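Trainee: Could we go through this structure together? I would like to learn how each label is earned.
Mentor: Gladly, let us look at it first.

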Amino acid sequence: TYMATYWFSFNDGTASTDPAKCGSSDVTPLSSTESPFTMSTPGYDGKGKAAMMEYILEGKSALGYNPFVGMGLNFTEPAGKAFDMTGSTGISFRIKSDSRVYLEVEQSNILDAADYYIYLEAYPEWTLVEVSWDELEQYTWTGSPVDWDLTKLTKCQWKVQEPDGETGKVWIDEVKILGVALDLPEIVDYELLDTAVAVAER
């Protein structure tokens, strides 16, 4: 997806330390330390791979608000470490989605999950979306507003949060940071690497 870092996915099953206040939404794939996020095929334009999550939302009565699932990527490793994006102007990506989606961007100095966000429409077909950082706003329910700071960005994620019973898929591909060239690690295609090793060992 052009951003050479690890992806992750999540649901509302850990929304609270009290299990009785957690949701029961299902997301596939659901990543964990033991089970890393896996890409799906095909990606945009029928080629390669893309990030995809399939979901069933459930649990509003326990949560007290609409249930949610999501997936995203860390800008650097380890997770939570700030990545300086000074000079960047926004983010672009290809998206195909059955539901409306929140694009959220986290900063290392936001401690209550009140991330900066934009609420996107549903895109039934692959669509190129470009979002300027200026279009993002912080969730208003926070008690501690934090200024936007390009030196403290940690991750971005695409979240579906809708009423019980919402089902569908979200696909994301070709994620790019706009306005600046990032120093990213080289992307290794392990399938091609394994093939090359097998040929060399014959």
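Trainee: Which strand gives the largest share of the lining of the second largest pocket?
Mentor: That is S10, with four residues. This is a predicted model, in which local features need pLDDT of at least 70 and side-chain atom pairs count only at pLDDT 80 or more, while totals for chains, interfaces and linings use all residues. Residues are numbered from 1 along each chain as its sequence is written, and side-chain values use heavy atoms, with hydrogens and water left out.

Trainee: What makes a residue part of a pocket lining?
Mentor: It needs an atom within 4 Å of a pocket point; on a 1 Å grid over the protein atoms alone, a pocket is an open set of points where a 1.4 Å probe fits, with protein on both sides within 12 Å along at least five of seven lines. This pocket has a volume of about 570 Å³, and of its 22 lining residues the closest to the centre include Phe10, Glu104 and Gln157. Strands (DSSP runs of E, at least two residues) are numbered from the N terminus; S1 (7-11), S4 (68-74), S6 and S10 each supply at least two lining residues.

Trainee: Why is the contact of lysine 159 with glutamate 104 called a salt bridge?
Mentor: The rule asks for a side-chain nitrogen of Lys or Arg within 4 Å of a carboxyl oxygen of Asp or Glu. Here the closest N and O atoms are 2.8 Å apart, so the pair qualifies. Lysine 159 lies in S10 (residues 153-161) and glutamate 104 in S6 (residues 101-107), so the bridge ties together parts that are 55 residues apart in sequence. Both residues are buried.

Trainee: How do you know that lysine 47 is exposed?
Mentor: Its relative accessibility is 56%, and exposed means over 50%, buried under 20% and partly exposed in between (1.4 Å probe, protein chains only), so the label fits. Lysine 47 also meets aspartate 45 in a salt bridge at 3.9 Å, N to O.

Trainee: What makes lysine 152 partly exposed?
Mentor: Its relative accessible area is 28%, so it falls in between the two cut-offs. Its salt-bridge partner, aspartate 149, has its closest atom 3.1 Å away, N to O, and is partly exposed at 22%.

Trainee: How many disulfides are there?
Mentor: The count is zero, the rule being a pair of cysteine sulfur atoms within 2.5 Å. Cysteine 22 is buried at 10%, and cysteine 156 is buried at 0%.

Conventions
Points joined across faces, edges and corners; volume = space filled by probe spheres on them.
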